[in-house]
Amino acid sequence: MTWQDDAGRDLVKSFGARMQMFVRGEGSYLWDADGKRYLDFLAGIAVDSLGHAHPVFVDAISTQAATLAHVSNYFATPPQLALAATLKRLAGTGDQGRVYFGNSGAEANEAAFKLARLHGGSERPRILALTDAFHGRTMGTLALTGKPYMQEPFLPMTPGVEFIDSTIEALEAAIDDRVAALFVEPVKGEAGVLPLPEGYLAAAREITERHGALLIIDEIQTGAGRTGEWFAFQHEGITPDAITVAKGIGGGFPIGALITFGAASDLFYPGTHGSTFGGNALGTAVAGAVLGEIERAELVRNAAERGAQLRAAIEAIDSDLIDGCRGSGLLIGVGLKHPVSKALVAAAQEHGLVINAPNDETIRLVPALTIGDVEIDEFIELFTASLRTVEDALVLDASTQLGASTEVPA
Ligand SMILES: *Cc1c(COP(=O)(O)O)cnc(C)c1O
């Protein structure tokens, strides 16, 4: 029996076949059971902000587990209060802000969805969200996710959500005083690292405010320093009504949060929402330590600088496949001129590099925020070799078949 057999028999079929089995990680590196080393430029999908097995992460888990892990939300704990204060400070909510803790991105967005309903009441049944944005897989967040192929098997959806294009014109045309909230993903990560048009957030802030609708920004992938600011909305200097965070906040520990600003902070009242695990002492201690290390080691600045360095180095690669870079900081989409991203991901793993393909013509790079020259140089070497492998296969394919197919021979 191989691990592939076990996975194929025992794990839910909603994920495709697992590509590798990893047994250990350290910094930006992973090892499989055969001892082969991989450079990890996926970081568990923008989750492992400090890389793998960072001493700060390990120490926070061990120390808090040996002190107090969980008591339920009938009680407060010091790490929970400390993390709430830290998130408010980093997001710039001021005193009025409040934090709800859940255990994942979807749970943070479920809370945001309920926030929108509480704000809307019966007067404002409409919620606007952006076509192609991703907000999660639970029934509530799926209703917010503008991807028909994801919704289709699970219809009917929770009602009230309407999808609009990511332009200010589309927002102006759709909004009225019956809209409770606009949900926005500032850089559409799952859709292929697609940034919003320049100035979108600032204009959306003005328009939603004029109509009394909440502006809720999903920072689950972009938050925790990923884009070169603590949160992506800060690039445009606006104040949203709420943001949701998860992925990079816990550095590998499952945690999510809804952070509210201003009057939106008073919408929830006792009994309107809850979670057994959300915000427990263990999770909040780890996230507090991870954010503390991001701050101490100036990893937000590192994300901005290393992101620019990485993009420049990728654009300097001599390859007919690459079609430019998108994104900001260490949330990078590499466009491809042919729909060969899956083949490129497979070739990269052969070469010892973990990258991700959110769609057929994009590679997504979301490495740990800790990367430096060593990781970037090695990435460029391995990525160039992987590009060569795919280019050679494309040429071979074109010369042996009628027209180029998109599949690379195994
Ligand atoms: C990953 C992600 C989610 C969902 O988070 P889960 O932890 O998988 O539930 C929601 N929104 C965005 C923008 C994401 O990237």
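This briefing covers the ligand site and the main nonpolar core of the structure above. The model is predicted, so local features need pLDDT of at least 70 and side-chain atom pairs count only at pLDDT 80 or more, while totals for chains, interfaces and linings use all residues. Residues are numbered from 1 along each chain as its sequence is written, and side-chain values use heavy atoms, with hydrogens and water left out.

**Ligand shell**
- The residues around the ligand (a heavy atom within 4 Å of it) include Ser104, Asn109, His135, Glu185, Asp218 and Lys247.
- This shell divides into 3 nonpolar, 6 polar and 3 charged residues, with Gly counted as polar and Asp, Glu, Lys and Arg as charged.
- Helix 5 (residues 105-120) gives the largest share of the shell, 3 residues; helices are DSSP runs of H or I with at least four residues.

**Polar contacts of the ligand**
- A polar contact is a pair of N or O atoms within 3.5 Å.
- Polar backbone atoms of glycine 105 and alanine 106 lie 2.8 Å and 2.7 Å, respectively, from an oxygen atom of the ligand.
- A polar backbone atom of phenylalanine 134 is 3.2 Å from a nitrogen atom of the ligand.
- The ligand taken alone exposes 390 Å², and the protein buries 81% of that (Shrake-Rupley method, 1.4 Å probe).

**Nonpolar core**
- The largest nonpolar core has 83 residues; its members are buried and joined through side-chain atoms within 4.5 Å, where buried means under 20% relative accessible area.
- Among the members that touch the most others are Leu182, Ile294 and Phe383.
- Helix 13 (residues 373-400) supplies the largest share of this core, 8 residues.
- The core lies between domain 1 (22-51 + 298-402) and domain 2 (57-296) because both give residues to it; the domain bounds come from an automatic or database domain assignment.

Methods:
A polar contact is a pair of N or O atoms within 3.5 Å; within protein, one must be able to donate a hydrogen and the other to accept it, and residues adjacent in sequence count only if both atoms are side-chain atoms. Helices (H or I, at least four residues) and strands (E, at least two) are DSSP runs, numbered from the N terminus. Buried means under 20% relative accessible area, exposed over 50%, partly exposed in between (1.4 Å probe, protein chains only).
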